[in-house]
Structure formats: C-alpha cells, structure tokens
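User: I would like a close look at a single part of this model, taken slowly and with its surroundings included. Please walk me through one strand and what lies beside it.

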Amino acid sequence: MALLTGGCLCGRVRYEAESDGAIVDYCHCDSCRRSTGGATVAWMQVSPDRFRVTTGKAAAYRSSPGATRHFCPVCGSQLYMTDDAGRSVGVTLGTLDDKEAVAPVAHGWDGDRPSWLCLADELPRFAGNPDYDS
Ligand SMILES: [Zn+2]
Ligand SMILES: [Zn+2]
C-alpha cells in the first residue's frame with residue numbers, strides 16, 4: 001500500500017490517500033480549469049475509504065450537479081473532489097507532497113483543452129469523460 005500525503009498551500013488542511021488502484025489522469029474540462037486557475041488539472045481518483053482529511057477542514061463548493069469541490073478556506077488551494085454517489089474521491093496531484101508519486105495515464109475532456117496547451121505525450125485522449133470513468 002502506498003500512503004500518500006498532501007495539503008494546501010498554507011498547510012491548514014492536510015490529507016492522506018492510498019494510491020493502490022487509483023485512476024490518475026488529466027482533466028481539461030472548463031470547470032477544472034476555472035476552479036483552479038491552472039491550464040489543466042491532474043487528478044488521482046481513489047475510493048472514498050482510501051482518503052482521509054487529517055488536519056483542518058476544507059470548504060466545499062458544488063460545481064456541477066452531483067459534484068463538489070473542496071478547497072482550503074484560507075489559501076484557496078483546491079484539494080479534492082467528491083460525488084454525491086460516493087463513487088470516488090478525486091485528489092489534485094498538485095497538492096501531493098511528492099509530486100513524482102503518481103503520474104497521469106490519460107487525458108479526459110481533451111475537447112475542452114485550450115489550443116495553446118500542448119502536452120506532447122502518447123497518452124490516450126478522450127474528448128469528454130474517459131470511457132473508464134463513466
Ligand atoms: Zn490553505
Ligand atoms: Zn474536469
């Protein structure tokens with residue numbers, strides 16, 4: 001079991017997640033881009049029982065039906081995302097303590113990617129939701 005830790009920029013909210021069996025990919029959707037301010041967002045999806053907030057409490061924002069984004073109420077770092085069905089918890093790769101711990105294996109919502117963002121890899125690309133994630 002690989003137990004990964006992470007947290008927000010100011011350190012008030014900290015979490016841990018087990019990466020075994022995780023789905024790791026980019027999401028280029030408009031909602032991810034706007035909610036972080038970044039050009040794209042890489043996510044690690046784990047089952048809810050493999051994720052715990054260990055310090056502090058994140059604020060929540062419902063960004064689309066059934067989906068809630070959780071962020072530090074002080075510094076604003078987006079830390080994780082949950083769904084109403086309790087299917088998975090998505091952890092933002094950018095908030096992991098070890099940025100090399102896991103790496104994306106696909107591009108989701110590539111149809112929303114800005115044309116100026118060129119990631120020259122050979123990973124599979126999905127115009128919308130990846131087929132493993134529907
Ligand atoms: Zn913070
Ligand atoms: Zn997205």
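Analyst: What follows is an account of strand β4, its partner strands and the metal site that one of them leads to. The model is predicted, and the description below should be read with that in mind.

Strand β4 covers residues 41–46 and is mostly covered, since six of its six residues are buried. Its side chains divide into two sets, with V41, W43 and Q45 pointing one way and A42, M44 and V46 pointing the other way, and all of them are buried. This division fits a general pattern, because in a regular strand the side chains alternate between the two faces of the sheet.

β4 has pairing partners that include strand β3, residues 23–27, which runs antiparallel to β4 and is joined to it by five bridges. Strand β9, residues 89–92, also pairs with β4 in the antiparallel sense, over four bridges. Within β9, the residue that bridges to M44 is V91.

On the β3 side, V41 of β4 is the bridge partner of C27, and C27 brings us to the metal, for its SG atom coordinates the zinc ion (ligand 2) together with the SG atoms of C29 and C32, at 2.2 Å. Along the chain these donors follow the spacing C-x1-C-x2-C. C29 counts as buried because its relative accessible area is 11%, under the 20% cut-off, and C32 is likewise buried, with a relative accessible area of 3%. Residue C27 therefore belongs to both parts of this picture, as a bridge partner of V41 in β4 and as a donor to the zinc ion (ligand 2).

Methods
Residues are numbered from 1 along each chain as its sequence is written. Chains are lettered from A and ligands numbered from 1 in the order in which they are written. This is a predicted model: local features need pLDDT of at least 70, side-chain atom pairs count only at pLDDT 80 or more; totals for chains, interfaces and linings use all residues. Side-chain values use heavy atoms; hydrogens and water are left out. Donors are N, O and S atoms within 2.8 Å of the metal (3.2 Å for Na, K and Ca); water is not among the atoms, so sites may look incomplete. Buried means under 20% relative accessible area, exposed over 50%, partly exposed in between (1.4 Å probe, protein chains only). Two strands pair if DSSP finds at least two bridges between them.
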